[in-house]
Amino acid sequence: MNLVSLSEFEREAHKVLPKNALDYYKSGAGDEYSLRLNRTAFEKIRIRPRCLIDVSNRTSECEVFGVKYSAPIGISPTAMQKMAHPEGENAVAKAAKNQEIGYTLSTIATSSIEEVGQSAPDYSKWFQLYIYKDRGVTERLVRRAEENGFTAIVLTVDAPIFGLRRADLKNHFSLPPHLTMANFTGELATGVKGKGGSGINQYVASLFDASLNWQDVEWLLSFTKLPVLVKGILTKEDAELAVEAGVHGIIVSNHGARQIDSVPATVSCYISAIFYNVY
Ligand SMILES: Cc1cc2nc3c(=O)[nH]c(=O)nc-3n(C[C@H](O)[C@H](O)[C@H](O)COP(=O)(O)O)c2cc1C
């Protein structure tokens, strides 16, 4: 296969993926206004190139938490990648290592922290955390990330409740029976079964802690030795609270427009912050 752009990969995915998986991967919340906005906002950005500057010696390298990357680009955490390919998260982590770019493993991955740790050893990988009602379960995830060579915790703060993605509701989205949420055992591993609705929404509603608040950020900071980033911030007010709470980084994100419809495009929030100092 000779795929050289994201749109070509997307077209191919439409051909090969089962509807249950494809719809899960591609859907935004509600009427998908923000999903469309995420793209159109990018289309409106214009680059003003300057000429006649010596570019024979150039680099796109950057450094985050003391680690060098080949470019200021990273792979965001996305759940359940083995629905798309048997190697799932392991292949993506290997690719990130080969390209020397950032990589974050999702809590609700179909490959475990240990597997992915071994797939891309000696490489700085981050772990994305969802806070379960059972704090013992949550703390254990963080400990396993620490023990398996992950170098930062990305706490997702925009998903105490999952957004309503209509295709998942209609499909009664389920994790295919040969796959599990590989970081867990028992019901936490196999509980994504869409009986009468979206299985992922039911899983999240029964297991994630919807009371998630700034005290949980403090709790996480109190016991992990890893840097903590909060992912899902879209406003100046929350960015300031995050700094006050003592986090080490902020990931501006609208979660691929999968959580709340009608939020601004992520890239617009970056641009407002950088150029106008407003959100
Ligand atoms: C299929 C899919 C699954 C995702 N799973 C997760 C996840 O498990 N945890 C998480 O924090 N974000 C998840 N996200 C959100 C992405 O990490 C990322 O925020 C989004 O794709 C890009 O939007 P942004 O630029 O606003 O961050 C998922 C996104 C998609 C498309």
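How far is an oxygen atom of the ligand from a polar backbone atom of P77? In this predicted model, the separation is 2.7 Å. This contact is a convenient place to start, and the surroundings of the ligand can be described from there.

The ligand is surrounded by 18 residues. P77 is among the closest of them, together with S106, T156, S253 and T266. Side chains also provide polar partners. In S253, an N or O atom of the side chain is found 2.6 Å from an oxygen atom of the ligand. Q128 offers a polar side-chain atom to a nitrogen atom of the ligand, at 3.2 Å. The ligand taken on its own has 600 Å² of accessible area, and 83% of this is covered by the protein. Sorted by class, the residues of the shell comprise 10 polar, 6 nonpolar and 2 charged ones.

A look inside the protein comes next. The structure contains 1 cavity of 30 Å³ or more, and the volume of the largest cavity is about 40 Å³. Its lining is made up of Y130, I131, T156, A159, P160, F208, D209 and L212. T156 is thus a name to remember from the ligand shell, where it is listed with the closest residues, and it also belongs to the lining of the largest cavity. By class, this lining has 6 nonpolar residues, 1 polar residue and 1 charged residue.

The backbone holds some points of interest as well. F65 is not a glycine, yet its phi is positive, at about 50 degrees. This residue sits in the loop that links β1 (62-64) with β2 (67-69). Is F65 buried, partly exposed or exposed? F65 counts as partly exposed because its relative accessibility is 37%, a value between the limits of 20% and 50%.

M80 is another residue other than glycine with a positive phi, here near 50 degrees. Its place is the loop between β3 (74-75) and α4 (88-99). Is M80 buried or exposed? With a relative accessible area of 0%, M80 falls under the 20% limit and is therefore buried. The two loop residues can be set side by side: F65 is partly exposed, whereas M80 is buried.

Key
Residues numbered from 1 in each chain as written. Predicted model: local features only at pLDDT ≥ 70, side-chain atom pairs only at ≥ 80, totals over all residues. Heavy atoms only, no water. Near = heavy atom within 4 Å. Polar contact = N/O pair within 3.5 Å; in protein donor to acceptor, adjacent residues only side chain to side chain. Areas by Shrake-Rupley, 256 points an atom, 1.4 Å probe, with all protein chains shown as cover. Nonpolar A, V, L, I, M, F, W, Y, C, P; charged D, E, K, R; others polar. Helix = DSSP H or I, 4+ residues; strand = E, 2+ residues; numbered from the N terminus. Buried < 20%, exposed > 50% of the residue type's maximum accessible area, 1.4 Å probe, protein only. 1 Å grid on protein atoms, 1.4 Å probe; cavity = no way out; pocket = protein on both sides within 12 Å on 5 of 7 lines; lining within 4 Å. Points joined across faces, edges and corners; volume = space filled by probe spheres on them.
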